[in-house]
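Welcome, and thanks for taking a look with me. Here are a few notes to read alongside the model.

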Amino acid sequence: MKNFFKSVRRHISRLDAGQLREQYNLISDEAEFFDLILGTIDRGIMVLDNNGGVKFSNPAVKSILGMEPAHAVESLMLPLGKSSKSEVSLTYPESKVLELQTFPMKDGTLVLIRDATADRVRSEEELKAGATQAVRDLAAGVAHEIGNPLNAISLNLQILKRKLKNDETITECLHQVARLDGIIKGFLAALRPSKPNLMPGSMAEPLTACLKTLKQQFEDRRISVTLDIPGVLPSVAIDRGQMEQVYFNLLKNSLEAMKDGGTIAIAVEADDNDVSVTIHDSGTGMTSEQIAHLFEPYRTTKSNGTGLGLMVSSRIVRDHGGTIAAESAKGGGTAFTVRLPRIERRIRELK
Ligand code: ADP
Ligand code: MG
């Protein structure tokens, strides 16, 4: 094509009107053909003049940039009259990753623009998934390995405790070992979630069991607990052990949020769709900043906390097809609500 145009140019003064018309038709067909390609291709193609002004741009440029090319060109910081390739992130009007290429041409610069957002997101996710899995495996391995010597230490401490007739130092050591053990168990539970074994049951039953376990701790801290359960409660699909863990985490947090006694009001309710349990404490409450990061791992405000309790709890509730929500005002106490779908609703939704 290049050679054809060159030869026409060379001989143009010798062409008569008929030949010129013929050449003109050829060129205009050619121009239409390129127009069609430029108009339909999904890559942005743009020509800038030597001052960076837009001489030409195809429709894809505008749709990739999300605005008139002339308005965007400055922010792309394209090197004029040079070959280059770069990646830029746009945040406005939406966040995107663009791949830009420039080529010098006569009296200007050719710019090619490709939307690389999808590629980039995919490769980042692949990277993240791979790295996370490796770190998880490593962490789970280490935690598991720590568990064994910890058990041995605990056993030997118990023997010593008997020999030394309940020596206080040994008791404290045992207490700390038990704490470490708890941290590791929580950590492993967080890393290796087990799917709930769902059976029809009552949402209140594991709750009352859990309250029984914690009864002494409530009394020691002068916390009064009220429990409001309707006479008849619809069934939910529940893994009793896992839900007991959820209640335990929530109640333990309420307990830890109170220094000088207080109240915990628990209400079990049912509507047409769900059964819910609300645990409302009169503890310290949380700031909106704390609430914003709730359920994220390792977020703790306690010197001996793990920040895993709520994360594990929210995952358990999610695996039950339910929701967990928190409401709090600093100084105004905190209410956590766990909601599980009634069995009839689950069956309806699964149909
Ligand atoms: P941990 O109890 O080990 O800190 P959790 O995941 O159970 O970890 O809780 C995370 C954080 O959420 C706590 O450190 C605390 O700041 C806040 N929190 C949770 N429940 C309550 C509550 N009932 N009242 C006040 N703060 C709470
Ligand atoms: Mg906790």
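1. By the rule used here, the count comes to 12 salt bridges. Please keep in mind that this is a predicted model. The next points walk through a few of these pairs.

2. A good place to start is helix H8, which spans residues 240–256. Here the side chains of Arg240 and Glu244 meet in a salt bridge, at 3.0 Å from N to O. Why can these two reach each other? They are 4 residues apart in the helix, so about one helical turn separates them. Arg240 is partly exposed, with a relative accessible area of 37%, and Glu244 is also partly exposed, at 23%.

3. This pair has company: Glu205 joins Arg240 and Glu244 in a network of salt bridges.

4. Next, please find Arg339 in strand S12 (residues 334–341). Its side chain meets that of Asp271 in a salt bridge of 3.9 Å, N to O. Asp271 sits in the loop between strand S9 (262–270) and strand S10 (274–281), so this pair ties together parts that are 68 residues apart in sequence. Both ends are partly exposed: Arg339 has a relative accessible area of 32%, and Asp271 has 36%.

5. Arg339 also forms a salt bridge with Asp274, at 3.7 Å from N to O. This again links distant parts of the chain, with Arg339 in strand S12 and Asp274 in strand S10, 65 residues apart. Is Asp274 buried or exposed? Asp274 is buried, with a relative accessible area of 12%, because the cut-off for buried is under 20%.

6. Now for a hairpin. Strand S1 (residues 44–48) pairs with strand S2 (residues 54–57) in the antiparallel sense, over 3 bridges. If you look across the pairing, Met46 stands opposite Ser57 in S2. Between the two strands of the hairpin there are 5 residues, and Gly52 takes a positive phi near 85 degrees.

7. Finally, have a look at the surface. Which residues form a positive surface patch? They are Lys6, Arg9, Arg10, Lys55 and Lys106. Helix H1 (residues 2–11) gives the largest share of the patch, with 3 residues. Arg10 lies in helix H1 and is exposed, with a relative accessible area of 59%. That value is over the 50% needed to count as exposed, so Arg10 is a handy residue to pick out on your display.

Notes:
Residues numbered from 1 in each chain as written. Chains lettered and ligands numbered in written order. Predicted model: local features only at pLDDT ≥ 70, side-chain atom pairs only at ≥ 80, totals over all residues. Heavy atoms only, no water. Patch = residues over 30% accessible without salt bridge, like charges linked within 9 Å, V, L, I, M, F, W, Y side chains within 5 Å. Areas by Shrake-Rupley, 256 points an atom, 1.4 Å probe, with all protein chains shown as cover. Salt bridge = Lys/Arg side-chain N within 4 Å of Asp/Glu carboxyl O. Lys, Arg positive; Asp, Glu negative; His and termini not counted. Charge placed at Lys NZ, Arg CZ, Asp CG, Glu CD. Buried < 20%, exposed > 50% of the residue type's maximum accessible area, 1.4 Å probe, protein only. Pairing = 2+ DSSP bridges.
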